[in-house]
Amino acid sequence: MSTVKLAGHDVCTGCGACAFKCPKHCISMREDSMGIVLPVIDAISCIECHQCETVCPILNEAEACKPEKAYAAWSNDEEERLTSASGGIAIEMYKQAVRNGYTAIGASQNDDFSVTHKAVSTLEELVSFKNSKYVFSDAYAVFPEIKRLLNEGKNVIFIGLPCQVAALRKIFHSPDNLLLVDLVCHGSTPYAYLKQHVDTLSRQAGKTARRMSFRDPAAYTYTYTFTLYDTDNRRFYAKRTKDGDTYQFGYHRAVSYRENCYHCRFAQPRRVGDITLADYNGLGRYAPCAYDHKNVSLILENTSKGSAFMEQLVENRQIYAEQRPLEESFESNSQLRHPIKKSKYRLQFEKKMAVNGADFEAAIKEPLAKYRRDTRMKNIIALPIRVIRKIKKLLILTIQ
């Protein structure tokens with residue numbers, strides 16, 4: 001029996017650093033009975049070198065930095081801003097990197113709607129990286145390519161979740177030719193749940209889904225509308241969380257994440273990326289602001305390498321960036337302070353999944369129904385308070 005001890009089920013992020021580092025290739029990434037991707041060791045082939053343990057960002061903390069500056073920012077290309085998540089900053093980073101000879105590594109959706117990190121080197125290929133992908137992404141498949149590029153002295157930019165960025169920090173440390181950008185992450189939902197959801201909706205509609213979006217630009221990205229399109233590129237499904245889409249409810253209300261997301265080591269002020277990107281919720285809380293948060297990104301500069309890259313983006317007029325108080329960015333985004341907490345809806349979902357054979361659609365219905373009942377009751381209770389506030393405002397305006 002192998003003496004190697006990998007990160008436990010409750011904290012393992014599925015980053016795949018251990019599988020990549022294993023010299024005997026005896027660690028594989030597999031889905032468990034709940035659809036969670038985790039490393040599995042072939043004990044017979046294991047030579048107990050423990051190299052897998054040394055690169056695990058959970059067993060061994062990755063290097064992290066305190067952010068130096070915060071910005072509210074967006075792409076100066078109006079088309080990019082409208083068709084990208086938040087302010088379109090990620091696509092502008094990719095474009096600048098590729099124009100300067102970098103290989104860009106980003107999350108790309110496959111034909112079966114799974115998500116894999118891929119390497120591209122042309123501007124035309126970057127389109128697959130655009131927009132949010134609220135599902136577990138397989139980043140470890142591209143690790144060998146990153147190693148080859150770095151060894152050849154090529155420049156690489158990687159944009160991904162903090163746990164994935166931390167894995168790259170542990171594997172490759174911090175070479176000058178690797179720029180790491182971490183996304184402020186709420187959590188990651190297993191691909192198996194997304195597949196069940198798409199299959200269910202397709203079957204109900206009598207259609208074959210060929211394209212999908214978590215934040216469809218056709219419905220404005222800030223509405224978080226989940227859409228499906230058929231083989232003729234005609235939309236046959238479009239719902240938001242508040243409209244009752246089960247997958248969006250599971251994701252945006254923190255009900256269906258991987259277990260490790262509720263114990264995330266990277267949801268904290270110190271960041272593992274050279275640059276951090278996020279939606280800019282809470283914009284204007286600490287200082288006056290002439291615009292709202294829609295289609296605006298939060299950028300945190302964490303290292304001198306990240307600052308230099310940001311300066312180029314601004315100098316080239318690819319983005320507009322306005323410095324904001326650091327306190328505002330941390331106050332407005334709880335995932336910069338602590339991981340998401342389990343709710344009663346999550347606990348109900350866990351119980352249902354355990355007894356129904358990991359049937360996502362069946363397990364999510366009761367938590368969703370309870371959430372909608374609770375929301376209606378809260379709105380009813382809050383109605384008198386809202387009415388009183390409106391009356392007060394009208395009285396003030398009348399007096400003036």
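**Entry 1: Cavities**

I looked for enclosed space in this predicted model and found four cavities of 30 Å³ or more. I then asked what volume the largest cavity has. The value is about 230 Å³.

I next listed the lining of the largest cavity, which comprises 26 residues. Cys163, Cys185, Asn260, Cys261 and Cys264 lie nearest its centre. Which helix gives the most to this lining? I noted that helix H6, residues 162-172, does so with three residues. I sorted the lining of the largest cavity by class and recorded 15 nonpolar, nine polar and two charged residues.

I turned to the second largest cavity, which holds about 110 Å³ of space. Its lining consists of 13 residues, and those nearest the centre are Ala7, Cys12, Cys15, Cys18 and Cys56. How many charged residues does this lining have? I found no charged residues there, against eleven nonpolar and two polar ones.

**Entry 2: The second largest pocket**

I moved from cavities to pockets and looked up the second largest pocket, with about 410 Å³ of space. I counted 18 residues in its lining, and I noted Gln109, Val127, Lys130, Arg211 and Met212 as those nearest the centre. Strand S4 (103-109) and strand S9 each supply at least two residues of this lining. S9 gives the most, with three residues. By class, the lining of the second largest pocket has five nonpolar, eight polar and five charged residues.

**Entry 3: The sheet of three strands**

Since S9 lines the pocket, I looked up the sheet to which S9 belongs. Three strands form an open sheet in the order S9-S10-S11, with antiparallel pairing. Which strands stand at the edges? I identified strand S9 (211-213) and strand S11 (235-239), each of which pairs on one side only. From one strand to the next, the twist averages 10°.

I then examined one pair in detail. Strand S10, residues 226-229, pairs with S11 in the antiparallel sense over four bridges. Within this pair, I found Thr227 opposite Ala238 in S11. I also looked for a helix against this sheet. Helix H7, residues 191-205, packs on the sheet and touches S9, S10 and S11. The direction of H7 makes about 55° with that of S10.

**Entry 4: The sheet of nine strands**

I traced another open sheet, formed by nine strands in the order S6-S5-S4-S7-S8-S12-S13-S3-S14. Its pairing is mixed. I reminded myself that strands of a sheet pair through backbone hydrogen bonds, either parallel or antiparallel. The edge strands here are strand S6 (137-138) and strand S14 (319-324), each pairing on one side only.

In which sense do strands S8 and S12 pair, parallel or antiparallel? I found that strand S8 (residues 178-183) and strand S12 (residues 275-279) pair in the parallel sense over three bridges. Asp182 stands opposite Thr276 in S12.

I then recorded two helices that meet this sheet. Helix H5, residues 143-151, lies across S4, strand S5 (115-120), strand S7 (156-160) and S8, and runs at about 150° to S7. H6 packs on the sheet as well, touching S5, S6, S7 and S8. The direction of H6 makes about 155° with that of S8. I noted H6 already in Entry 1, where this helix contributes three residues to the lining of the largest cavity.

**Entry 5: The hairpin of S1 and S2**

I looked up strand S1 (residues 27-31) and strand S2 (residues 37-41), which pair in the antiparallel sense over five bridges. Met29 stands opposite Pro39 in S2. The two strands S1 and S2 form a hairpin, with five residues between them. In the turn, I noted that Gly35 has a positive phi of about 85°.

**Entry 6: Helices H4 and H9**

Finally, I compared the directions of two helices. The axes of helix H4 (residues 89-99) and helix H9 (residues 304-315) come within 11 Å and cross at roughly 95°. H4 is therefore roughly perpendicular to H9, as angles of 65 to 115 degrees are counted in this way.

Which residues of H4 meet H9? I recorded Glu92, Met93, Gln96 and Ala97 in H4, which meet Phe309, Gln312 and Leu313 in H9. Sorted by class, the residues of this contact are four nonpolar, two polar and one charged.

Technical notes: Residues are numbered from 1 along each chain as its sequence is written. This is a predicted model: local features need pLDDT of at least 70, side-chain atom pairs count only at pLDDT 80 or more; totals for chains, interfaces and linings use all residues. Side-chain values use heavy atoms; hydrogens and water are left out. On a 1 Å grid over the protein atoms alone, a cavity is a set of points where a 1.4 Å probe fits but cannot get out, and a pocket is an open set with protein on both sides within 12 Å along at least five of seven lines; lining residues have an atom within 4 Å of a point. Grid points are joined across faces, edges and corners, and a volume is the space filled by probe spheres set on the points. Ala, Val, Leu, Ile, Met, Phe, Trp, Tyr, Cys and Pro count as nonpolar, Asp, Glu, Lys and Arg as charged, and the others, Gly among them, as polar. Two strands pair if DSSP finds at least two bridges between them. Axes are lines fitted to C-alpha atoms, for helices over the stretch in contact, and angles run from 0 to 180 degrees between N-to-C directions. Contact means heavy atoms within 4.5 Å. Angles under 35 degrees count as roughly parallel, over 145 as roughly antiparallel, 65 to 115 as roughly perpendicular and the rest as oblique.
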